[in-house]
Amino acid sequence: MSHGNMNLTLKVWKQKNKDSKGKFETYDAKGISPDMSFLEMFDVVNEQLISSGKEPIAFDHDCREGICGMCSMYINGRPHGPKQGVTTCQLHMRSFKDGDVIVVEPWRSAAFPVIKDLAVDRSSFDRIMAAGGFVSVNTGNAKDANNILIPKPDADEAFEAAACIGCGACVAACKNASAMLFVSAKVSQLALLPQGKIEARERVLNMVAQMDEEGFGNCTNTGACEAECPKSISLENIARMNREYLVSNALSKK
Amino acid sequence: MSKGFLKSSIGKKFVMGTTGLFLISFLVVHCFINALIFFNDGGLTFNIGAHFMAKNWLIRFGEIVLFAGLIIHMVQALVLTMDNKKSRPIGYEKIDGAANSSWYSRSMGLLGTLLLMFLIIHLAHFWVKSRFTGLPGEDANGHENLYAVMQETFKQLWVVILYCLSMISLSYHLLHGFQSAFQTLGLNHAKYTPLIKKAGVAFSIIVPLIFAAMPLAMHFGMIK
Ligand code: SF4
Ligand code: FES
């Protein structure tokens, strides 16, 4: 199926490890089908690199269906490339034209150090979750699911916040490398539900403290995160987190 | 309030938002008093307003609070900008900012710096004269004639152009800042947020427009 296939030039960030200085390398991607995903295009390039004895390009991926959040790539100046509401694995090569030069960079954030090439270490997100992104539940038999009644609009809103896949595109897109959208989605998905309300005050204080500790920047409400989020997480979550934080802080005894 | 509040990211934003709203409230007063020139009565009404602002002790005290608010707003902005630089030590090769945000939301620091430069010139034009170096003469009511200083200042074309350009900066700064302050304070509501946003846009256009009309009207002799 060579018909309609494209030849592209890739400018990709190459970096040996966390401590080395990286630089851009240029690669040719020949005979790329418009039906391939962006990651499949990288697979083709990598196969060619391997068969010619060169080192392949390291990048993160797992599910390849837009739910794991691993496929972090900053493509032509935007996280996850030119399409809205998709991850890199869901981005198709038909979004590009034959002859295009595509610049691919890793997420840039002090809190996301590069592991190798395009792969970054997002364990800062895990530490934020560990600081408060949970509810405490007694062990024993599972309770009946409908024991606690939850108004449908609240459940929907919590569900929308819970759609966040922790990909970090919000941080990558933000001119301040702020993690407010991610953290606010995680705060909101619990704060909106009765089970989460019990620990809501402490949660928001602890999660924000950990976020600051990790070295994420300060939000200036540009809205770039919301626009680039593959799960369209709303800025309303950030307002909710600000509100929760201000109130919890004012009432805090510490 | 816990100890670390002012050092936390949300605490710092809170300070930006509240000082910003405070400065916006000042703009309303400033705009209202100055619009008295449009009575076109040779500045008599305006000078009454100016006289009140200059002599009322409450306003004098408010002026100190205003400068404090302004300085906090600027210093906090500087601190935040430096912080944010540290959060992305290595920048991107290619950035398509226009794809996800407005240019003015990304340029608040630049717009703010332009406004600061304007403010220094503006204070030198009027505030320094009315407070320290003295105003020339009195009007028919025996009030200090700040109006005459305005007329004199706005005779120069470059001043008029500078003021108009600065009001464009102000407009864009407000266009982002107004609604941003509400978001920062967590004041978000399905019913009211669209209203706040509309009010913000209206405010950001109308207030700078009224301000810009003053030097224009004086320079081109629409008000005498
Ligand atoms: S908020 Fe959106 S962009 Fe940020 S981590 Fe979650 S899914 Fe990714
Ligand atoms: S690889 Fe899982 S979201 Fe892209």
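This is a short tutorial dialogue on reading a predicted model with a chain A and a chain B.

Q: Let's start with the chains one by one. How many helices and strands does chain A have?

A: Listing the helices and strands is a good way to begin. In chain A there are nine helices and seven strands. Its C-alpha atoms fit a box of roughly 60 × 40 × 40 Å along the principal axes.

Q: And which elements make up chain B?

A: Chain B has seven helices and zero strands, so its elements read α-α-α-α-α-α-α from the N terminus. The C-alpha trace of chain B spans about 60 × 40 × 40 Å along its principal axes.

Q: What share of each chain is buried?

A: Here you look at the residues one at a time and ask how accessible each of them is. Chain A has 254 residues, and 51% of them are buried. For chain B, with 224 residues, the share is 42%.

Q: How do I read contacts between residues that lie apart in sequence?

A: You can ask how many positions separate the two partners. Among contacts in chain A with a separation of 6 or more, 69% join residues 24 or more positions apart. In chain B, the corresponding share is 75%.

Q: Now the two chains together. How do people describe the size of an interface?

A: It is often given as the accessible area lost when the parts come together. In this model, chain A and chain B bury about 3,500 Å² between them, and 50% of that lies on carbon and sulfur atoms. On the chain A side, A:Arg108, A:Asn218 and A:Asn221 provide 18% of the area buried against chain B, more than any other three residues.

Q: How many residues take part in the contact?

A: Chain A brings 49 residues and chain B brings 37 residues.

Q: What about salt bridges and polar contacts between the chains?

A: Let's take the charged pairs before the polar ones. There is one salt bridge between chain A and chain B. It pairs A:Lys11 with B:Glu93, whose closest N and O atoms are 3.2 Å apart. For polar contacts, the count is 28 residue pairs between the two chains.

Q: Which elements of chain A supply residues to the side that touches chain B?

A: Strand 5, helix 4, helix 7, helix 8 and helix 9 of chain A each supply at least two residues. Helix 9 gives the largest share, 10 residues. Sorted by class, this side of chain A has 25 nonpolar, 14 polar and 10 charged residues.

Q: I also see cysteines. What is a disulfide?

A: It is a covalent bond between the sulfur atoms of two cysteines. This structure holds zero disulfides over all chains.

Q: Why does B:Cys31 not form one?

A: Check the distance between sulfurs. The closest cysteine sulfur to that of B:Cys31 is in B:Cys164, 14 Å away, and this is too far for a bond. B:Cys31 is buried, at 7% relative accessible area.

Q: Could we finish with one residue in detail? Where is A:Ser178?

A: To place a residue, find its element, then its surroundings. A:Ser178 sits in the loop between helix 4 and helix 5 of chain A. Its relative accessibility is 4%, so A:Ser178 counts as buried. The side chain of A:Ser178 reaches the backbone nitrogen of A:Met180 at 3.2 Å.

Q: Which residues beyond its neighbours within four places in sequence does A:Ser178 contact?

A: Among them are A:Phe216, A:Asn218 and A:Cys170. A:Cys170 is itself buried, with a relative accessible area of 8%. A:Asn218 appeared earlier too, in the trio A:Arg108, A:Asn218 and A:Asn221 that supplies 18% of the area chain A buries against chain B.

Note on methods. Residues numbered from 1 in each chain as written. Chains lettered and ligands numbered in written order. Predicted model: local features only at pLDDT ≥ 70, side-chain atom pairs only at ≥ 80, totals over all residues. Heavy atoms only, no water. Contact = heavy atoms within 4.5 Å. Buried area = accessible area lost by both parts, 1.4 Å probe. Salt bridge = Lys/Arg side-chain N within 4 Å of Asp/Glu carboxyl O. Polar contact = N/O pair within 3.5 Å; in protein donor to acceptor, adjacent residues only side chain to side chain. Helix = DSSP H or I, 4+ residues; strand = E, 2+ residues; numbered from the N terminus. Nonpolar A, V, L, I, M, F, W, Y, C, P; charged D, E, K, R; others polar. Disulfide = S-S within 2.5 Å. Buried < 20%, exposed > 50% of the residue type's maximum accessible area, 1.4 Å probe, protein only.
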